[in-house]
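Opening my notebook on this one. I want to look at the core, one helix pair and a loop residue.

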Amino acid sequence: MADSNSRVIVITSGKGGVGKTTTTANIGVALSHHLGEKVALIDADIGLRNLDLALGLENRIVYDIVDVVEGRAKLRQALIKSKSNQNLALLPAAQTRDKSAVSPSQMIQIIQELQEEGYTYILIDCPAGIEQGFRNATAGATEAIVVTNPEMSSVRDADRIIGLLEAQELHSPYLIVNRLRPKMVKQQEMLAVEDVQDVLGSNVRLLGVIPEDEVIITSTNRGEPAALLEGNLAGQAYRNIARRLKGETVPFLNLDEKTGFFDRIKSIFGGKR
Amino acid sequence: MRSLFDRLFGRSDKSTKDVAKNRLRFVLMHDRADISAPMMDQIRQEILAVLSKYVDIDEQALDVSVERVDGGVVLAASIPILRVNAK
Ligand SMILES: Nc1ncnc2c1ncn2[C@@H]1O[C@H](COP(=O)(O)OP(=O)(O)OP(=O)(O)O)[C@@H](O)[C@H]1O
Ligand SMILES: [Mg+2]
């Protein structure tokens, strides 16, 4: 491994569509834009490129990770720097190839080069599933974030992934619970964060909780991760996650803010909620 | 007793969250250690049989689970003892 202090973190889940790409983009901008880290994001979802869209960088892609691996481009040529934020770079996935176009050892090579370039955080957006794409994405990582939704099949797959990470010496992964609906949790109709933690066991470390929030959709539409926008809970939650990753102790957000008008009046007058 | 209808369609006074949590617990036990629910039941019974020779056990509170820890999977049994049998 390169003799740098950089952290190499894979964002994974097992089940598809739970928020890996959204999470990678948001933690990436929060670390680079707000916390001054030099961040490289690797889209390891080869064949299903998406991280570029979440970051609004899709029009700038010239070369991709497979071009680098196959020697058509240097890593530096393929990296796309965000215009508004020189501390953030994206290595895009190839869209027209499949997972077998990159091998674990090639992935490790790329990560070493990024470390030599001085990136302090290297975040890898893992594809869904447990096959080659997963093995590639985890190969060079030294830490893992497991994203899950508070929902049965997602938690089950997260557990499976935690076992597979273990087999790759990626112990005690971080956990992000995404798309939580506080109202349903209150009505006991959705697994609470504590339930998810209970079931997954004490070797996962809760890193943060993201509410279900329309701002995720609108911000992705614009190619501007929610963490860049003020005044929304999901973005705030992602900024807090970035700070926790850096070792700060940040209290968990109260997501229960969208209570009704009367609830708020009641609480102003000292009523219990 | 819950009616067959209730059982089939999962209606009960339990919240759906608790139902989900219980179902998850069982399915993960199986996923993690390839132990089926009947097998787990048998393990429970045999642990009870062996230990009852020496101590009084709170059968209702006996809890056997399969947990992930760093380094692998452990079978954990929490066995509340009412009292040690006099020899
Ligand atoms: N907290 C949230 N609130 C609302 N929508 C969300 C939230 N998180 C993710 N989504 C939406 O869910 C969809 C899937 O998210 P995303 O692409 O990040 O998942 P993924 O795990 O990367 O999927 P894949 O497995 O296909 O790579 C997107 O349309 C995204 O906007
Ligand atoms: Mg994705």
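My entries on those topics follow.

Ground rules: I am working on a predicted model, where local features need pLDDT of at least 70, side-chain atom pairs count only at pLDDT 80 or more, and totals for chains, interfaces and linings use all residues. Residues are numbered from 1 along each chain as its sequence is written, chains are lettered from A and ligands numbered from 1 in the order written, and side-chain values use heavy atoms, leaving out hydrogens and water.

Core. I looked up the largest nonpolar core (buried Ala, Val, Leu, Ile, Met, Phe, Trp, Tyr and Cys joined through side-chain atoms within 4.5 Å; buried is under 20% relative accessible area, exposed over 50%, partly exposed in between, with a 1.4 Å probe and protein chains only). It has 55 residues, and Ile42(A), Ile65(A), Leu91(A), Leu114(A) and Ile124(A) touch the most other members. Helix 7 of chain A (residues 152-167) gives the most, five residues. I take helices (H or I, at least four residues) and strands (E, at least two) as DSSP runs numbered from the N terminus. Another core of 36 residues lies apart, Val29(A) and Ile145(A) among them.

Helix pair. Helix 1 (residues 20-34) and helix 11 (residues 233-245) of chain A pack at about 70°, axes 9 Å apart; axes are lines fitted to C-alpha atoms over the stretch in contact, with angles from 0 to 180 degrees between N-to-C directions.

Loop. I found Asn85(A) between strand 3 (80-81) and strand 4 (88-91) of chain A. Asn85(A) counts as buried because its relative accessibility is 8%. Beyond neighbours within four places in sequence, Asn85(A) is in contact (heavy atoms within 4.5 Å) with Ser32(A) and His33(A).
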